[in-house]
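Dear colleague,

I am passing on the structure below, together with some notes on its packing. Please read the notes with the coordinates open beside you.

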Amino acid sequence: MMRRLLRDPLAHFLVAGAAIWAALSLADEPVDPAERTIALTKEEQANLALGFERTMGRPPTDAELDAQIESWVREEVLYREALRLGLDAGDPVVRRRLSTKMDDLAGAEVETARPSEETLAAWLREHPGRFGEGERFTFSQTYFRSEDALRDALGGAGDASGDAISLPERMSDASYDEIMAVFGSQFAAQIAGMQQTSGAQVTSGYGYHLVDLEKRVEGRQRPLSEIRDKVEADWRSSTAAARRARAFELLREAYRIEVE
């Protein structure tokens, strides 16, 4: 159990987050990036060689690897000096990149995991609507930019016609893949989990929706052997997203948000 935790990037993510939170709680100033020693580990050298091989289609020669290392050292020196000068502060690109790396860290293990046949079979049973052949959905949707706007509309205080967006108000006899291509996987998964209903609150990457599912035509459930790659890809992306969301919620609890 302990060995598994030590290998789990999600556990590393949470420990790192807790350490950051503790450090910020104990000190007003951030850690000074004044360390003058730059160490390039064997693993980092292997990563440089792998990056070269992916780009060039062959392993680097010794001279080419030396050039890669020199370039890495130059970048590291300039990076540390930029941190020393505070050039990262207020930079939206740096901010977005670091937040993305934290997100990726939480889901890293899932990206390379090899799920067992039992895991994939269970995933297929739990999410039949995502993989049914010929399954079709007819629905209409009203889009709201924010959750507050949706709540106001439901309470009679807002505009029930929703906000303008270039999404179709209605799709007829659409497959799961067709819905996903237009609204995204999050929205499609929720539609696939519905029975015929009206006024269902559904979220997507665009915002919030009120959905009337008018008709659902059941299709044939294909066996795992026919769609293994698709089931594995869905398991991988959904599990990674769930781990990222869980990690964020755990870290988010350590902060108090004040919005003026």
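In this predicted model, a good place to begin is Phe-187, which, leaving aside residues up to four places away in sequence, touches Phe-139, Ile-179, Val-202, Thr-203, Ser-204, His-209 and Val-211. Phe-187 also belongs to the largest nonpolar core, a set of 17 residues in which Phe-139, Ile-179 and Phe-187 have the most contacts. Two or more residues of this core come from each of β2 (136-144), β3 (170-174), α9 (176-183), α10 (185-192), β4 (197-203) and β5 (208-217), and the element that gives the most is α10, with 4 residues. Separate from this is a second core of 10 residues, with Val-110, Leu-120, Val-231 and Ala-240 among them.

One backbone detail may deserve a look when you check torsions: Asp-173, which lies in strand β3, has a positive phi near 50° although the residue is not glycine. Asp-173 is partly exposed, its relative accessible area being 35%.

Turning to the helices, the axes of α5 (residues 92-106) and α11 (residues 224-252) come within 8 Å and cross at roughly 115°, and the crossing of α5 past α11 is right-handed. On the α5 side the contact is made by Met-102, Asp-103, Asp-104 and Ala-106, and on the α11 side by Arg-243, Arg-244, Ala-247 and Leu-251. Sorted by character, the residues of this contact comprise 4 nonpolar and 4 charged, with no polar ones.

With best regards

How values were computed
Residues numbered from 1 in each chain as written. Predicted model: local features only at pLDDT ≥ 70, side-chain atom pairs only at ≥ 80, totals over all residues. Heavy atoms only, no water. Core = buried A, V, L, I, M, F, W, Y, C linked by side-chain atoms within 4.5 Å. Buried < 20%, exposed > 50% of the residue type's maximum accessible area, 1.4 Å probe, protein only. Contact = heavy atoms within 4.5 Å. Axes fitted to C-alpha atoms, helices over the stretch in contact; angles between N-to-C directions. Left-handed = near helix turned anticlockwise from the far one by under 90°. Nonpolar A, V, L, I, M, F, W, Y, C, P; charged D, E, K, R; others polar.
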